[in-house]
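Student: I should like to learn how strands, sheets, cores and ring pairs are read from a model. May we work through one case together?

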Amino acid sequence: MILSHGCRLNQSLEKVADHLIDRPTALNEISGHFALAVVLPEEDRLLLTRDLFGTRPLFYLNEESYFAFSSDLQSLTTLKSYNKSPNRSFLRNYVIYYHYDNVYTRYEGINRVPAGGIIEY
C-alpha cells in the first residue's frame, strides 16, 4: 500500500495513523486493502476504519459496559456478556430480497465499519 505522498504503509503505519488523525479525508489517499484501529490514549479516542472497497472486514460491538472490535464476526459473539441474538431486520432483508446493508450483521448489536468509513469511539 502506498500513500499519495509516497510513504509506504508497510514501512510506517504510524504515519498513516497520523494522517487519519490530522485529516480524516486522508483515507481517500491510501490505496490497498486494510482495516485499521488507531488508539489515541491522550485524547481517550479510538478510530476504526476500512479501505474504500471494504475488502478487509472490521466489526464492532458497542455495549453499555464495553466497546469491542474484531476482524472476525464470530469472535464478538463469543464474548461472555454478549447476548447472542439474531438481527431479524437483517435476516428478513437477506432472505426476501437477497440484499443486506453494508453496516448491519446477522447478529443484533454487532455492526460493520462501513467501507471507506471511520467510526470514532
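**Reading the sheets, cores and rings**

Tutor: In E6, Ile119 is the bridge partner of Leu48. Helices (H or I, at least four residues) and strands (E, at least two) are DSSP runs, numbered from the N terminus, and two strands pair if DSSP finds at least two bridges between them. The model is predicted: local features need pLDDT of at least 70, side-chain atom pairs count only at pLDDT 80 or more, and totals for chains, interfaces and linings use all residues. Residues are numbered from 1 along each chain as its sequence is written, and side-chain values use heavy atoms, with hydrogens and water left out.

Student: How many bridges join E2 to E6, and in what order do the strands of this open sheet lie?

Tutor: Three bridges join E2 to E6, and the two run antiparallel. The three-stranded open sheet has the order E1-E2-E6 with antiparallel pairing. E1 and E6 are at the edges with a single partner strand each, so one side of each lacks a neighbour in the sheet. On average, neighbouring strands here are turned by 15° against each other, direction ignored; the axes are lines fitted to C-alpha atoms, for helices over the stretch in contact, and angles run from 0 to 180 degrees between N-to-C directions.

Student: What connects E1 and E2?

Tutor: They form a hairpin with four residues between them, and Asp44 in the turn has a positive phi of about 55°. Six bridges join E1 to E2 (residues 45–50), in antiparallel fashion. Leu48 in E2 is the bridge partner of Ala37.

Student: Which side chains of E1 are buried?

Tutor: In a regular strand the side chains alternate between the two faces of the sheet. In E1 (residues 35–40), Leu36, Val38 and Leu40 point to one face and are buried, whereas Ala35, Ala37 and Val39 point to the other and are not. Buried means under 20% relative accessible area, exposed over 50%, and partly exposed in between (1.4 Å probe, protein chains only).

Student: Where do the strands of the other open sheet stand, and which are at its edges?

Tutor: The order is E4-E3-E5, again with antiparallel pairing. E4 and E5 (110–112) stand at the edges with a single partner strand each, so one side of each has no neighbour in the sheet. The average turn between neighbouring strands of this sheet is 25°, direction ignored. Three bridges join E3 to E5, and Tyr60 stands opposite Asn111 in E5.

Student: Which residues make up the largest nonpolar core?

Tutor: In soluble globular proteins, nonpolar side chains tend to be buried together. A nonpolar core is a set of buried Ala, Val, Leu, Ile, Met, Phe, Trp, Tyr and Cys residues joined through side-chain atoms within 4.5 Å. The largest has nine residues: Phe59, Leu61, Tyr66, Ala68, Leu73, Leu76, Tyr82, Tyr107 and Ile110. Strand E3 (59–62) and helix H2 (73–77) are the elements giving two or more residues to this core. Apart from it lies another core, of seven residues, including Leu46, Leu48, Leu58 and Tyr60.

Student: How many aromatic pairs does the structure hold?

Tutor: Three. Rings of Phe, Tyr and Trp (its six-membered ring) pair if their centres lie within 6.5 Å; planes under 30 degrees apart count as stacked, over 60 as edge-to-face and the rest as tilted. The ring centres of Tyr60 and Phe67 are 5.9 Å apart with planes at 25°, so this pair is stacked. Phe67 and Tyr121 are also stacked, at 4.1 Å centre to centre and 15° between the planes. Ring pairs thus link Tyr60, Phe67 and Tyr121 into a cluster.
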